[in-house]
Amino acid sequence: MGVMKRNLLLFGILVAAFVAMPAFASVTVEQSTEPEYLINSGYSEVAAESIFIGKNRANGKSIEPLYEKSKNRFTKFCRALYGYTDSTIDTYDRVHHNIKLSPSWSDL
């Protein structure tokens, strides 16, 4: 066996070993639905928050918004007022409203 053939054989074995090496990086379902993982994967904050809310509803946990839309109190007040006057708009609070079987003052 010549030197060239032996070198090609060794190179082929090395290439086959690298191709056949398994990747031990795994992501569980719980990790793949985390908001940080979703945002880093290219999803928007709205999509990540929607998945977070759906997961919490399915598990019976409290539903709290992940991201505050505005920290300005005047803007929050105007959005809430507009949301209460126009019933066709889903305001920030109504989307994240915990569903209760009995009526309360927050349903008005």
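## A quick tour of helices α1 and α4

Leu10 sits in helix α1, which covers residues 3-20. This is a predicted model, and the protein chain has a mean pLDDT of 79. Here is a friendly walk through confidence, a surface patch and one helix.

**Confidence**

- In the protein chain, 81% of the residues reach a pLDDT of 70 or more.
- Among the elements, helix α3 (residues 35-40) has the highest mean pLDDT, at 90.
- Helix α6 (residues 92-95) has the lowest mean pLDDT of the elements, at 52.

**The patch around Leu10**

- Leu10 joins Leu9 and Ile13 in making a nonpolar surface patch of about 280 Å².
- The relative accessible area of Leu10 is 47%, so this residue counts as partly exposed.

**Helix α4, end to end**

- Helix α4 spans residues 45-59, which gives it 15 residues.
- From the first C-alpha of α4 to the last, the distance is 21 Å, close to the 21 Å expected at 1.5 Å a residue.
- Just after α4 comes Gly60, which has a positive phi, near 75°.

**The two sides of α4**

- The buried residues in α4 are Ala48, Glu49, Phe52, Ile53, Lys55 and Asn56.
- Looking down the axis of α4, you will find these buried residues within an arc of 165°, so they line one face of the helix.
- Val46 and Ala58 lie on the other side of α4, where they are exposed.

Key. Residues numbered from 1 in each chain as written. Predicted model: local features only at pLDDT ≥ 70, side-chain atom pairs only at ≥ 80, totals over all residues. Heavy atoms only, no water. pLDDT = per-residue confidence, 0-100. Helix = DSSP H or I, 4+ residues; strand = E, 2+ residues; numbered from the N terminus. Patch = residues over 30% accessible without salt bridge, like charges linked within 9 Å, V, L, I, M, F, W, Y side chains within 5 Å. Areas by Shrake-Rupley, 256 points an atom, 1.4 Å probe, with all protein chains shown as cover. Salt bridge = Lys/Arg side-chain N within 4 Å of Asp/Glu carboxyl O. Buried < 20%, exposed > 50% of the residue type's maximum accessible area, 1.4 Å probe, protein only. Expected span 1.5 Å × (residues − 1). Arc of directions from axis to C-beta.
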